[in-house]
Amino acid sequence: MSQGPAKRKTKPIKSNIFDVVPAPAELPKNVIQKNIERVRGTCQGGEGFVEVGVADLFINWCRKSSLWYLFYATACCGIELMQGGASKYDFDRFGAVFRATPRQADLLLVCGTISHKMAERVQRLYHQMAEPKWVIAIGACTITGGPFYKDSYCVVKGVDLILPKVDVYVPGCPPRPEAFIDGIMNLQKLIMQTKNFGNKA
Ligand code: SF4
């Protein structure tokens, strides 16, 4: 009598968020100690101290691992950005996922030539993003006006002239997707140094 196909033993798939986003390595005590800070505070009962710091590490780690960028490309650099999002370079593995609306994005990748006509739109998109937010300027055009620096009357000569801040600059015409990744990693380093509590640097 046929017994039918033998039942194969299947291994349970172990998967959790840390397979995708690297968890912070177990922090040695001295690192935790270094990151703890005593902050003086007052409440109804009087004055006292609270210890903050590890929360900073955790919050920064969460933020740097979930950078959702506004997909905003105005010229040829945008093609490289598309490459970066595609499977070969795969920004998603950094937790960097593109969004089509500023209200769900915390990273503005300004990617391409910005004309004066577009400047107001860039500003509006930036202001529609929720805090905290970061800006990466990508490519020569975004950073300085690029090849249009000298003779063009209609190109903005640097996105830092129209936005309150730019966190990271990625030079090139166009930069390769590897350079984009470097820019994102530099921003991640910057985020990890941010102080959310206590005496801000
Ligand atoms: S920097 Fe070069 S590649 Fe990028 S938008 Fe300007 S001209 Fe195009």
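Helices (H or I, at least four residues) and strands (E, at least two) are DSSP runs, numbered from the N terminus. The structure is a predicted model, in which local features need pLDDT of at least 70, side-chain atom pairs count only at pLDDT 80 or more, and totals for chains, interfaces and linings use all residues. Residues are numbered from 1 along each chain as its sequence is written, and side-chain values use heavy atoms, with hydrogens and water left out.

Begin by selecting Glu131 and Pro132, which are joined by a cis peptide bond with omega of about -10°. Pro132 belongs to the loop between helix H5 (116–128) and strand S6 (134–138).

Next, select Cys173 and Pro174. The peptide bond from Cys173 to Pro174 is cis, and its omega is near -10°. Pro174 is placed in the loop between strand S7 (168–170) and helix H7 (177–192).

Now turn to Asp90, in the loop between helix H4 (77–85) and strand S4 (97–99). Asp90 is a residue other than glycine with a positive phi, near 55°. Asp90 counts as partly exposed because its relative accessibility is 27%; buried means under 20% relative accessible area, exposed over 50%, and partly exposed in between (1.4 Å probe, protein chains only).

Finally, select Met82, which is found in helix H4. Met82 has a relative accessible area of 45% and is therefore partly exposed. Add Phe71, Ile79 and Phe98 to the selection: with Met82 they form a nonpolar patch on the surface. Together the four have about 390 Å² of accessible area, a quantity that comes from the Shrake-Rupley method with a 1.4 Å probe; for residues, only the protein chains shown count as cover. Patches are made of residues with over 30% relative accessible area and no salt bridge, like charges being joined within 9 Å and nonpolar side chains (Val, Leu, Ile, Met, Phe, Trp, Tyr) within 5 Å. A salt bridge is a side-chain nitrogen of Lys or Arg within 4 Å of a carboxyl oxygen of Asp or Glu.
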